[in-house]
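Let's take a look at how rings and charged side chains pair up in this protein. Have the structure open while you read, and click on the residues as they come up.

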Amino acid sequence: MTFTARLCPITENDAWHQLYIEALEPNPFFGPGFLLPYAGHMMPGQLALAVVEDTATGRWLMTAPVGRKRAGFLVPTATLWASDYGPLGTPLIHPDCPAEAVPAFLLAASSVTTLPGSSRLDIPYLPLTGHASALLRAGANGWTATDNRHTARAAHSGGADGAAQLAKVWTPKRRKEYDRLARRLSELGDVCEESYRGAAALNAFEAFLRLEASGWKGRGGTALLSTEQTANFSRGFIAAMAAQDRLRIDMIRLNSEAIAALVLVEHQGRSHAWKIAFDETLARFSPGQRVALQALRRNLEDPRLTAGGDSLAVPGHPMIDPLWRGRMGYTTLRLGRGPLAAPLDALKEMDRLAYTSAKRLYHRLKRR
């Protein structure tokens, strides 16, 4: 097999759609449904796709979005673009992609920055296990690979392992407490648990947006409705997932009003808990925990979700960690090539520390 690697714009492309369907490992945030609205509304003109293509057939073998980041004042770094809106760095990889394609992919991805005598690329939120991680490490000939910031977040397995994890959570003590809270909540009115898919999920997402904006994210300006850009991006993403039947919204309603909602997107047999919100005035009834547990049960009941679920939550999340008992380990994989790669890494770390110190000093002075 012969192949070529290049950067291309984030636009509609049939080969991209096909690779997304056939990819060995799930990543809904590197597919067209997410990246087209995200790049268009959130980062216009700032991202590209690094692509490895089979020269004989035009079939895409590997792709991921790439952009430039600065850890400090001076040194720019090329990075696969896994952001807080999509914290998963697994490239889309075709089952026939050979390890020999990896160096070409890395060179194309790292070319968004120009560093004399070296190439650098960061891959954040890369799962520690799986085909993508193994292929990247095995194929990175001539590149130094360094893992940074190993950590793990809540997840759950599929099948019997997932059922066993749920059994550990759903103890008699927790069941008794949840029943007590449910009885107290029902004293306020009619309570129902719902799951929405397809067109119905679009209306449910609007209810989610209003619920999220009514809480601390709305007050802090980080809710999806807080800016036109995030509102338009999220609606575009959700519409694409609903059209592909890859969207589910689990919701708890009190007197027909949403009091808790969890937005989940699916890819390659895995569910990803994208956003959660609940009515903070009803926090004493634990509606957030209740909808997270509801989602876990629905995931395990769905025969399509054989690969389990990823919470996408920050490590140690106080609400999700006790309920989703599996863990998904991940790292930032830092790759370097060329004689100046190591000195540039050291310079970058000094630059980052200088930037962090200056930022802390600025905020300290600002508080005076």
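Start with Arg297: its charged end sits over the ring of Trp170, 4.4 Å from the ring centre. Lys69 does this kind of thing too, with its charged end over the ring of Trp81, 4.7 Å from the centre. Keep in mind that you're looking at a predicted model.

Now for rings that meet other rings. How many aromatic pairs are there? The count comes to 14. Take Phe29 and Phe34: their ring centres are 5.3 Å apart and their planes stand at 80°, so this pair is edge-to-face. An angle over 60 degrees is what earns that label. Are Phe29 and Phe34 buried or exposed? Both are buried.

Tyr38 and Phe233 make another pair, with centres 5.4 Å apart and planes at 75°, so they're edge-to-face as well. Here the partners come from distant parts of the chain: Tyr38 belongs to helix 2 (residues 32–41) and Phe233 to helix 9 (residues 228–243), and 195 residues separate them. Tyr38 is buried, and Phe233 is too. Zoom out a bit and you'll find a whole cluster, in which ring pairs link Phe29, Phe34, Tyr38, Tyr85, Phe233, Phe237 and Trp274.

Next up, salt bridges. Searching the whole structure turns up 19 of them. Here are three, with the N to O distance for each:

| Basic partner | Acidic partner | N to O distance |
|---|---|---|
| Arg120 | Asp122 | 3.5 Å |
| Arg197 | Glu266 | 3.0 Å |
| Arg327 | Asp321 | 3.6 Å |

How covered up are these partners? Arg120 counts as buried because its relative accessible area is 4%, and Asp122 is buried as well, at 9%.

The bridge between Arg197 and Glu266 ties together distant parts of the chain. Arg197 lies in the loop between strand 8 (191–196) and helix 7 (198–213), while Glu266 is in strand 10 (residues 257–267), 69 residues away. Arg197 has a relative accessible area of 26%, so it's partly exposed, whereas Glu266 is buried at 6%.

As for the last pair in the table, Arg327 has 43% relative accessibility and so counts as partly exposed. Its partner Asp321 is buried, with a relative accessible area of 14%.

One more thing to look for: which residues do salt bridges with shared partners join into one network? They are Arg197, Asp245, Glu266, Asp302 and Arg304.

Note on methods: Residues are numbered from 1 along each chain as its sequence is written. This is a predicted model: local features need pLDDT of at least 70, side-chain atom pairs count only at pLDDT 80 or more; totals for chains, interfaces and linings use all residues. Side-chain values use heavy atoms; hydrogens and water are left out. Rings of Phe, Tyr and Trp (its six-membered ring) pair if their centres lie within 6.5 Å; planes under 30 degrees apart count as stacked, over 60 as edge-to-face and the rest as tilted. Buried means under 20% relative accessible area, exposed over 50%, partly exposed in between (1.4 Å probe, protein chains only). Helices (H or I, at least four residues) and strands (E, at least two) are DSSP runs, numbered from the N terminus. A charge sits over a ring if NZ of Lys or CZ of Arg is within 6 Å of the ring centre and within 35 degrees of the ring normal. A salt bridge is a side-chain nitrogen of Lys or Arg within 4 Å of a carboxyl oxygen of Asp or Glu.
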